[in-house]
Amino acid sequence: MKVVLFCGGYGMRMRNGTADDVPKPMAMVGPRPLIWHVMRYYAHFGHTEFILCLGYGAHHIKDFFLNYEETTSNDFVLRGGKTELLSTDISDWTITFAQTGIESPIGERLRRVRHHLDGDEMFLANYADVLTDAPLPEMIDRFTPRDAGASMMVVPPQSSFHCVELGEDGLVGGITAVSELPLWENGGYFVLRQEIFDHIPENGDLVADGCAQLAKRGRLVAHQHYGFWKPTDTVKERAALDDSYARGDRPWAVWERDRAGARA
């Protein structure tokens, strides 16, 4: 299936300074940017046709792939001054780079690349800055036979804050960690049918408009994931992932885990 990735937002909470025009998906985790980790996840499961919805800082993403260095993350032999790769990341990837506007909301970005989907009944979509170890084939297999327009991965609340129950007299009746509440957050990682386009108006949003309308019609499925899931909305969150990568703690890198299992 084709994979649509939304990578055109400003990502203001990831800004390092006023002159920093690098889009959030290009923030580094280890030797590669976030968007590479997301794409590598999908490619591991056989989904290697990507449509990148570009916007702010698009030239950074284009330059990265136009000047891609396979030797950064692959073993190779240098013989006679020539490089012989022992493995490759992106040689079988097809990437469509589509400028979808600087200010466009995500729903509008999706609308603007509809023609690149070639009328495919089902396709995948995601933000380009969220990492997970979710079992993608299971997510797709559960959704495929359902009479629904979309599937959204949901995760437990990630906040470290606590909710406080107050009585009328101002006394605290209880304190509960947000993560323990019976609530779910949108985790991205969508499986969509063409029906989603019927519910996204011009300059609309994928979730607030498209998914909300499907939910009202009983046509939105949730895939609950309790495993690893990390957004990178802030510099602190990106730095934590980078530190985790350096320690060799990379639960999102399912391609490394499965490769190690194959060698065992």
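User: Which residues form a nonpolar patch on the surface, with about 400 Å² of accessible area together?

Analyst: This is a predicted model, where local features need pLDDT of at least 70, side-chain atom pairs count only at pLDDT 80 or more, and totals for chains, interfaces and linings use all residues. Residues are numbered from 1 along each chain as its sequence is written, and side-chain values use heavy atoms, with hydrogens and water left out. A patch takes residues with over 30% relative accessible area and no salt bridge (a side-chain nitrogen of Lys or Arg within 4 Å of a carboxyl oxygen of Asp or Glu), joining nonpolar side chains (Val, Leu, Ile, Met, Phe, Trp, Tyr) within 5 Å and like charges within 9 Å; areas come from the Shrake-Rupley method with a 1.4 Å probe, only the protein chains shown counting as cover. The residues of this patch are V164, L166, V172 and I175.

User: Which strands each supply at least two residues of the nonpolar patch?

Analyst: Strands (E, at least two residues) and helices (H or I, at least four) are DSSP runs, numbered from the N terminus. The strands in question are β11 (162–166) and β12 (172–177).

User: Is V172 buried, partly exposed or exposed?

Analyst: V172 lies in strand β12. Buried means under 20% relative accessible area, exposed over 50%, and partly exposed in between (1.4 Å probe, protein chains only). At 48% relative accessibility, V172 is partly exposed.

User: Are the rings of F123 and F197 stacked, tilted or edge-to-face?

Analyst: Rings of Phe, Tyr and Trp (its six-membered ring) pair if their centres lie within 6.5 Å; planes under 30 degrees apart count as stacked, over 60 as edge-to-face and the rest as tilted. The structure holds 16 aromatic pairs. In the pair of F123 and F197, the centres are 6.0 Å apart and the planes at 25°, so the pair is stacked.

User: How many residues apart in sequence are the parts that F123 and F197 tie together?

Analyst: Both F123 and F197 are buried. F123 belongs to strand β8 (residues 122–127), while F197 is in the loop between β13 (185–193) and α5 (206–216), so the pair ties together parts whose separation in sequence is 74 residues.

User: Which residues does V155 touch, not counting residues up to four places away in sequence?

Analyst: V155 is found in strand β10 (residues 150–155). At 1% relative accessibility, V155 is buried. With contact meaning heavy atoms within 4.5 Å, the residues touched by V155 are W184, E185, G187, H225 and W229.
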